[in-house]
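Thanks for making time this morning. I would like to spend a few minutes on aromatic rings, and on the charges that sit over some of them, so please have a look at the model first.

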2 protein chains.
Amino acid sequence: MNGTLSETNIGLHVEELEQGFQVSLDGRVILRHTSGNPCLFIGRGEEKMDMYRGNFDIEDYVEERFGLRYSNVSQAEQGYRIEMKRSAQDEEALHLSFEVEKGKLVLHFSNELNHYNRFWLRLHAEDSEYVYGCGEQMSHLNLRGKHFPLWTSEPGVGRNKRTYTTWQADVHDKAGGDYYHTNYPLPTFISSRGYYCHVNTSAYADFDFRKSSFHELHIWEIPTSIQIETGETYKEIVSKLTSQFGRQHALPEWTYDGIWLGLQGGTETVQKKIDAARDSGIKVGAVWVQDWQGKRVTSFGRRLNWNWKWDPKEYPGLDEKIKEWKREGIRFLGYINPYVVVDDSLYNEAKEKNLLVLNQEDETYLVDFGEFDCGIVDLTNDKAFSWYKDVIKTNLIDFGLDGWMADFGEYLPIDAKLHNGISAKVMHNAWPALWARVNYEAVKDAGKLDDIIYFMRAGYTGSQQYARLLWAGDQSVDWSLDDGIASVIPAALSAGMTGNGLHHSDIGGYTSLHGNKRTKELLLRWLEMATFTPVMRSHEGNRPTDSYQYDHDEETMKRFADMTDIHCTLAPYLRELVEENAQTGVPVQRPLFMEYETDVHALNIQYEYMLGSDLLVAPVYEQGRTTWDVYLPEDEWIHLWSGQEFSGGSVTVDAPIGEPPVFYRKQSKHKQLFESINNRP
Amino acid sequence: MNGTLSETNIGLHVEELEQGFQVSLDGRVILRHTSGNPCLFIGRGEEKMDMYRGNFDIEDYVEERFGLRYSNVSQAEQGYRIEMKRSAQDEEALHLSFEVEKGKLVLHFSNELNHYNRFWLRLHAEDSEYVYGCGEQMSHLNLRGKHFPLWTSEPGVGRNKRTYTTWQADVHDKAGGDYYHTNYPLPTFISSRGYYCHVNTSAYADFDFRKSSFHELHIWEIPTSIQIETGETYKEIVSKLTSQFGRQHALPEWTYDGIWLGLQGGTETVQKKIDAARDSGIKVGAVWVQDWQGKRVTSFGRRLNWNWKWDPKEYPGLDEKIKEWKREGIRFLGYINPYVVVDDSLYNEAKEKNLLVLNQEDETYLVDFGEFDCGIVDLTNDKAFSWYKDVIKTNLIDFGLDGWMADFGEYLPIDAKLHNGISAKVMHNAWPALWARVNYEAVKDAGKLDDIIYFMRAGYTGSQQYARLLWAGDQSVDWSLDDGIASVIPAALSAGMTGNGLHHSDIGGYTSLHGNKRTKELLLRWLEMATFTPVMRSHEGNRPTDSYQYDHDEETMKRFADMTDIHCTLAPYLRELVEENAQTGVPVQRPLFMEYETDVHALNIQYEYMLGSDLLVAPVYEQGRTTWDVYLPEDEWIHLWSGQEFSGGSVTVDAPIGEPPVFYRKQSKHKQLFESINNRP
């Protein structure tokens, strides 16, 4: 080391240790390295990755892994430069350089050792630390004590090896999944020590938060950079993070007008259902019609015809109907994904123009989606990207759609050959964000960001800006913690912590497999939870006839009327939150600790949330309950339904169906609005 | 490298490669090392191991692993010495020295790098190579294409993550297991390239046979040595292997006198069952009475009282009865294991004399066996070893037992504190062989090796000599490949390949859990298979009332009479095989390829076996079958029941219950004996 190190960058502190160094940012130790406990390991691995319809089987044979124990710190023009080697005598060196720019610590790694394909960085950690984020995590909000492989995929059916559903899904379809499987992973997390960390990579990664004195970030490449930024509060950190990665444009004004009813089956059926819903007093803001482009029937259930064009046979007169419904205050939403079904018009056009992803034999790569094959639009090819934007503009926007589900994004096969020449293993994670950007630009270019909304489940870095609204993907229609109604709460909160502050889910859940059928009780509990999220949308499920539906009885329709009315009553409050999210990145649904920073107990609560600063929501996610135990941070709370007052602590409240445990702050400026909910006619 | 290398040892050939070397033995390449593809890796790991009643949950965090790429070969006094380092500049070196002594290649590893606790050696392999052994493997005879963790444990209930039984066992008891779990692992295997390899270690190991160009032997220590010996035939290799590790003393003469009936419930019950069996014509050679020392009832079923003394209350007059039965030609066998139940007389005596294993707080280590706790006799303490031998001599042998099940041995907890000061993690695998030696020496010291037999399920290096007869452990009472009737066939064959040539199993299987109940058909199929093994022994199972028993109906008893008669008819043949095993180590039950070395198809057959050189047995292991497909190596075969002649190839034969597919060689000198089986009165 040459001379004494001094602080040249604000907040940055580099300290010499015996045979090592320590890097701190704003008083937080970030890296601590000694030759005995190196902070950096590199090596070589040979992966085995198999995909079965979006479910991946991944094994790594790590042939080599060794610490870069020797370090030599020097000051560089902008900051510091550390030579790191296995030993002083070693010829191979990796150079870590870093500086702080506008409060942001950026670690750069030199590429001399790029013949190694495995990288492990240990960030300093403390025993009492909590970690959040890593994208949309459906099983865990606090990530400490577990490791999280970060690889976009189907999240799995069951997602817990101890459940019978998971076991069956594994045995029948290799589709059971585990706690860390998600459509939307992110190499980004927030620490309770007051910082966010983001790794600039789209390679496979696995962040390990199990060790007491370090977090180990494992990446299947030497990443170009890692950035870290501190904040005094979670809100400040999220705000800085989203200022970096982008925020969601606010929702169109019409989204506050009522539920988005998931319907299908042709123009006449949709019309009838709209009429019946309105007759029952259900406030319908939109109909979401996923089969607007026709259907095909498979053993999984009825599937959509992936050719992204109005099907006038299934939907006669839809072009005019859309206008009529819009006049009546009901928007029409459709469906699209990044695949084109084989031998249909879009596929043929794309194939002819060389816009599809290829296989290693330079033929069109066909993905099996279960009884039908599709081509993949090559979003790394600017021409293909533009072409698909045009498909969206022409076939969806110009046709009159005010929104759609922009499904999928997780399935890019790792053996595909892409136009940009980058390995599909590296592009796999990046794909969902590319797909999000296609949608974003199509809408933006049409000048319709204020009118049109699409919703996505898959994501990666960049999705913060481009995936304007998340939906939680395909939950099982059950009460399981890892794949049922409960799982969408940590999903919303963890996504919110890393930059996606607008979240919703299929009311009632989606997947009916292995004996699971949606019950009335589940549907109604999901309904009442969705009431207190930014968007209410129903889904008939993958097997509609196996699933209880909103119109299966009069009582259920009455409940839907009631809850959509409450949701609309909340519109002024929700609008404010959505606007806040757009301006600051602070999510609409927030962990309790984001509002109550000093409440240590709140750090582990993942099945309650704050809807903004003033509403605490504790959804009932167990079957057969009539009361519910709720934790309240210290404050003055009023129970929404009874008006009963509470201060902090654990309380038990009545929670019949239709009265989910919701509390508002007595000092809220929206008190009157909240009171009006219980005083509706 | 100093000068040209020459052959100084017979059969050994060391060749210089560019930046590497190659070691061959008798024309077989054993090691092939270049700096690009090193044959040796070392590193450091941090294991997490949890035990739940003999089932282990093992995870390893490999912090470092790197190849010793640099090599410098020199000739030593006895053979060769190779300095191996990560790079030429590196200061740390491991020295590999080797020589061939009496045809045996012994690789020694120096201990300079013993601060590393992980070791990987790559033996050269070829694509077409087959690998066998690694102890008693119940799912796979040919080990190629899989890796095999070597750690003695409960084998699991179900042993296949795709079966419902396994899933339930995992969820309820963490006890489902997997294909590699076994009571008796061995760091020893045989290659179809004509050699055996043995690693001198009892640390946790994992042998990986998945790679096409190398076998990777992973060991959680740097082993002191590895030995390799070649042979021209499998028989020669097994013979050399057993000459190294010991062979089984022949079985007592009385073991050919009939079935060993597993009975329990008191003197009167046993007497009644003996009478009934004899009346039905069942040839009874012995009764095996596991509750001779009393019982305790738990939710798993009735369990034994682990105090290893005749219980005169449960077995009044047993001391005299044993003599009476012996006069009538029926031996009495009991039960013992290496644990003493808490607060009973043996426990109190052992505790007072400091003969029990301690925990880290220097208190007596108590193992929970499911509703009762036990102390562990510390077999690393010579005094305890001798004391337990005396217990066996006094309480079992002197009392009149002619044999016993010497149960367990797999459960040594890894956090125990042992008298010899060696880590329990290293002694865990060695434990079963210690336990076997206690039994062996007790019998040998009493001068009763020709009169007394004990049978064991757990094993490790050394068990070849000391575990005189294996039983296959606790199969589920079902038809599953990995844990049912079929699994005992590869178990017998793989154990036989690595030195234990005497094998048998519980007729009907043992474990009734998770809805499995032993059916009559399963009992009878197991019976007919056992007829063609060295020993027939029945077991009532863990839940006798849930299990079909030999005396549940007249037909079943008749079948038992028939089969025990056949078994006794075979005695001259079996006696010869048992003697051959004692003399040469060639097992009684043999893979087909051991007799038909050039038959490539036979290399993968694991559910048929040769009983000696002249009988081919293809047990029916599926439910509801009346015919069976059999592969016959090229020879002249006669179907035992029909007398029909076959040459080689795939054939289908009738296989009603009672007529398991068995063929004898037309040219066998025992032809008359075999013919007589079908001509019995």
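Before I name any residue, let me say that buried here means a relative accessible area under 20%, and that what you see is a predicted model. With that cut-off in mind, Tyr179(A) counts as buried because its relative accessibility is 13%.

Over all chains, the count of aromatic pairs comes to 101. One of them joins Tyr179(A) to Tyr180(A), an edge-to-face pair with 4.9 Å from centre to centre and 90° between the planes.

Another pair is tilted: the ring centres of Tyr388(A) and Trp435(A) are 5.8 Å apart, and their planes stand at 40°. This pair links distant parts of the chain, since Tyr388(A) belongs to helix α6 (residues 382-397) of chain A, while Trp435(A), 47 residues apart from it, belongs to helix α7 (residues 424-445) of chain A. Are these two rings buried or exposed? Tyr388(A) has a relative accessible area of 0%, so it is buried, and Trp435(A), with a relative accessible area of 0%, is buried as well.

Ring pairs can also join up into a cluster, and here they link Trp306(A), Trp308(A), Tyr335(A), Tyr339(A), Phe369(A), Phe372(A), Phe408(A) and Tyr411(A).

Finally, let me turn to the charges over rings, where both examples involve chains A and B. Lys211(A) lies over the face of Tyr61(B), 3.8 Å from the ring centre, and Arg86(B) lies over the face of Phe66(A), at 4.3 Å from the ring centre.

Technical notes
Residues are numbered from 1 along each chain as its sequence is written. Chains are lettered from A and ligands numbered from 1 in the order in which they are written. This is a predicted model: local features need pLDDT of at least 70, side-chain atom pairs count only at pLDDT 80 or more; totals for chains, interfaces and linings use all residues. Side-chain values use heavy atoms; hydrogens and water are left out. Rings of Phe, Tyr and Trp (its six-membered ring) pair if their centres lie within 6.5 Å; planes under 30 degrees apart count as stacked, over 60 as edge-to-face and the rest as tilted. Buried means under 20% relative accessible area, exposed over 50%, partly exposed in between (1.4 Å probe, protein chains only). Helices (H or I, at least four residues) and strands (E, at least two) are DSSP runs, numbered from the N terminus. A charge sits over a ring if NZ of Lys or CZ of Arg is within 6 Å of the ring centre and within 35 degrees of the ring normal.
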